[in-house]
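Me: I would like to learn how to read a protein structure. Could we go through one together?
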Amino acid sequence: MLFFGGDYNPEQWPEQIWPEDVALMRQAGVTIVSLGVFAWSHLEPEEGRFEFGRLDRIMDLLHDGGIRVALATPTASPPPWFTLAHPEGLPVTADGVRLTHGSRDTYCVSAPAYRAAARTIATELAARYARHPALALWHVHNEYGTDCRCDLTASAFRSWLEKRHGDLDALNESWTTAFWSQRYSDWAQIMPPRATQYLPNPAHVLDFRRFLSDELLGAFVEQRDLLREANPAVPITTNFVQGGWVSVDHARWASEVDIVAVDHYPAAVDGRGEAETAFGGDLARGWAGGEWLLMETAPNLIYTPGRMHAKEPGRLTRHSLNYVARGSRGAMYFQWRQPRGGAELFHSALVPHAGPDTPVFREAIGLGRTLKTIAPYAGGEVEARVAIGWDAPSWWALQGGGLPAADIDYLAAVQQTHRALYRSGIPTDFVFPGRTDSGEASRAGDAVGSGGAAWVGGAGLRPYKIVVLTHLFLISDESAAALREFVAAGGHLVVGHLSGIADPAGRIRLGGYPGAFRDVLGVRVVEWRPLAPGTTIALDDGEQGVRWSERVETAGAETVVRYAGDVLAGAPAITRNRFGAGVAWYVSPGLDDDALRRLLERVAAEAGVTPLLPGRPPEVEAVRRGELLFLFNHGSGPAVVALPGSGTNAVTKRAVSESVTVPAGGVMVINMPDREFKSRTG
Ligand code: GAL
């Protein structure tokens with residue numbers, strides 16, 4: 001079964017509406033709803049007094065309607081009584097302001113009172129519903145990521161630091177506290193990063209974000225374990241959210257959930273929305289090491305700065321199926337019914353304010369039908385021969401002040417690399433430096449692939465012919481060594497600027513950038529020359545460098561492209577180095593989308609990696625999952641696509657061969673056995 005549904009908040013509605021909700025869910029083919037995500041103040045109206053009558057009734061009603069439930073623990077939004085009883089459980093900002101209730105996520109994860117209250121409500125829910133026949137999944141909390149800088153956090157941070165660094169000498173060394181007289185002589189002197197006079201110590205900030213990720217994970221694990229004890233057969237997850245503000249290292253959390261669930265809200269409306277969707281799906285699959293679940297996305301209006309954007313007809317279906325094609329076990333939305341009031345009253349829903357007689361609900365009915373039809377074939381794997389490195393701590397390290405350019409943007413850089421491969425039609429995975437990068441022992445079970453414990457995701461580095469690193473700023477010796485082995489054994493490595501620069505503590509690897517990869521790349525970068533906004537630097541292949549340039553010296557590598565302007569005229573810009581049986585490329589300038597795509601296509605051709613469906617029209621995206629071939633037409637006219645073999649339209653059940661026409665803005669799902677699918681990814 002594929003999951004299809006979304007957040008359902010019956011507590012916002014009079015009970016008379018519930019039967020209509022269930023009837024509409026059945027009409028749309030909804031198979032599952034997330035229930036109770038923000039229901040704490042209803043379930044526990046005062047401390048220790050529980051009211052489960054309404055939840056009992058809605059669980060039963062859903063069950064009678066054949067709808068499964070992802071039952072949430074409501075711990076992301078403590079009720080107002082909690083605040084008054086436990087003011088120390090409220091979060092404090094870096095400026096020292098203690099927040100109060102009135103929104104959501106008003107808790108400090110390090111406050112014992114909050115943790116105890118969260119355990120209590122989770123225990124009550126487990127005791128009452130762990131064996132309810134509607135229960136398919138536990139949905140713990142909502143989008144962990146809340147930040148707090150209070151004194152309770154300070155003491156938890158210090159304990160975490162003691163475990164990580166052992167003693168203060170090691171911490172002082174790791175944080176380079178000799179700079180600006182920051183040497184700590186007592187653990188009690190260490191605070192969470194708080195408002196300070198000028199630039200904070202970047203290593204301090206980085207460790208705090210790692211701490212917060214672990215601290216939040218501890219809160220999740222606590223709930224997970226008690227839910228599991230109540231009924232080990234029910235899978236448990238929490239919904240991951242992406243964003244620069246989120247101090248959660250999802251690659252590390254992934255092994256703690258039974259299925260990786262991800263909220264993804266692509267906001268681009270300028271034709272990049274498709275690439276953003278593909279990026280979100282591929283990254284989620286990487287975290288999961290296979291199948292994952294799209295837990296939330298917007299059914300219609302998308303938040304874009306200054307103005308919401310209504311989805312074009314067909315986009316809901318196209319994007320939802322794209323997540324499924326990229327490994328999701330279904331498509332779920334925020335939310336089922338658009339609310340009458342509350343902070344997100346204009347956020348889109350499957351049943352909008354205007355009711356079910358609307359384009360969005362009609363499209364949902366069609367989508368529900370399609371998902372049901374393809375469900376029996378949709379459990380396969382997505383294969384890729386190219387992987388991009390992703391590292392949350394590198395992102396965090398590149399968010400501080402004091403960097404060489406204000407426009408350094410980790411997410412944008414990784415997305416650009418993914419977009420280049422996406423536009424080339426080359427399937428792409430993500431891989432993650434292993435836990436050794438944070439100075440801890442690696443997890444049992446991570447030791448797979450030629451990357452060993454040093455790279456996780458899928459099967460380490462083993463399945464890949466090409467690995468691309470973009471802004472992977474921090475790297476451990478172990479992860480760097482695994483990449484070296486990967487190249488020596490015949491792999492193709494592409495390293496862009498700002499990768500391999502520092503150790504996991506953020507200390508620069510000396511002797512020339514990128515210190516972790518100088519030998520494998522056969523280059524030495526002696527000077528960074530960030531470009532002023534809006535300026536470019538000419539390259540001798542006719543392309544332009546954007547945002548960034550460097551003075552590169554070769555030490556064994558051949559120069560493929562040279563700078564052709566500024567003081568760098570004639571100096572190497574893009575290099576290629578034979579290393580063992582493999583090849584390592586260094587790309588020192590920033591490139592625009594087309595130039596990057598052309599370069600990666602050249603690397604792919606050399607490595608023998610081909611697009612999934614060579615010769616497809618450019619507006620058509622092809623994704624293969626198991627034996628299903630998904631064709632997405634993002635263009636405004638019908639597209640004729642030549643097929644590599646014959647198969648069956650998985651929706652209409654009609655035989656297809658030679659070519660098919662995918663309607664404008666439409667999707668075609670073809671069941672094509674491997675023996676027919678001749679153009680493999682290499
Ligand atoms: C998610 C969140 C939902 C809702 C949604 C709006 O991040 O989990 O509760 O707020 O965003 O887009």
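Me: How many nonpolar, polar and charged residues does the shell around the ligand have?

Reply: Happy to help! This is a predicted model, where local features need pLDDT of at least 70, side-chain atom pairs count only at pLDDT 80 or more, and totals for chains, interfaces and linings use all residues. Residues are numbered from 1 along each chain as its sequence is written, and side-chain values use heavy atoms, with hydrogens and water left out. A residue is near a molecule if one of its heavy atoms lies within 4 Å of it. Ala, Val, Leu, Ile, Met, Phe, Trp, Tyr, Cys and Pro count as nonpolar, Asp, Glu, Lys and Arg as charged, and the others, Gly among them, as polar. Here the shell has three nonpolar, two polar and five charged residues. Among them are Phe-38, Asn-142 and Asp-263.

Me: Which side chains have a polar atom close to an oxygen atom of the ligand?

Reply: A polar contact is a pair of N or O atoms within 3.5 Å. For an oxygen atom of the ligand, the distance is 2.5 Å to a polar side-chain atom of Glu-143, 2.7 Å to an N or O atom in the side chain of His-347 and 2.9 Å to one in the side chain of Arg-104. On its own the ligand has 310 Å² of accessible area, and the protein covers 92% of that (Shrake-Rupley method, 1.4 Å probe).

Me: How many cavities does a search of the whole structure find?

Reply: Rolling a probe the size of a water molecule over the atoms shows where empty space is left. On a 1 Å grid over the protein atoms alone, a cavity is a set of points where a 1.4 Å probe fits but cannot get out, and lining residues have an atom within 4 Å of a point. A volume is the space filled by probe spheres set on the points. The search finds three cavities of 30 Å³ or more, and the second largest holds about 70 Å³.

Me: Where does the second largest cavity lie?

Reply: It lies between domain 1 (3-148 + 212-377) and domain 2 (386-607), because both give residues to its lining. Its lining includes Trp-287 and Trp-390, and the residues divide into eight nonpolar, three polar and no charged.

Me: What is unusual about the backbone at Trp-180, and which residues does a cis peptide bond join?

Reply: Most residues other than glycine have a negative phi, and most peptide bonds are trans. Trp-180 has a positive phi of about 60 degrees, although it is not a glycine. Cis bonds join Phe-334 to Gln-335, with omega about 0 degrees, and Tyr-513 to Pro-514, with omega about -20 degrees.

Key:
On a 1 Å grid over the protein atoms alone, a cavity is a set of points where a 1.4 Å probe fits but cannot get out, and a pocket is an open set with protein on both sides within 12 Å along at least five of seven lines; lining residues have an atom within 4 Å of a point. Domain bounds come from an automatic or database domain assignment. A polar contact is a pair of N or O atoms within 3.5 Å; within protein, one must be able to donate a hydrogen and the other to accept it, and residues adjacent in sequence count only if both atoms are side-chain atoms.
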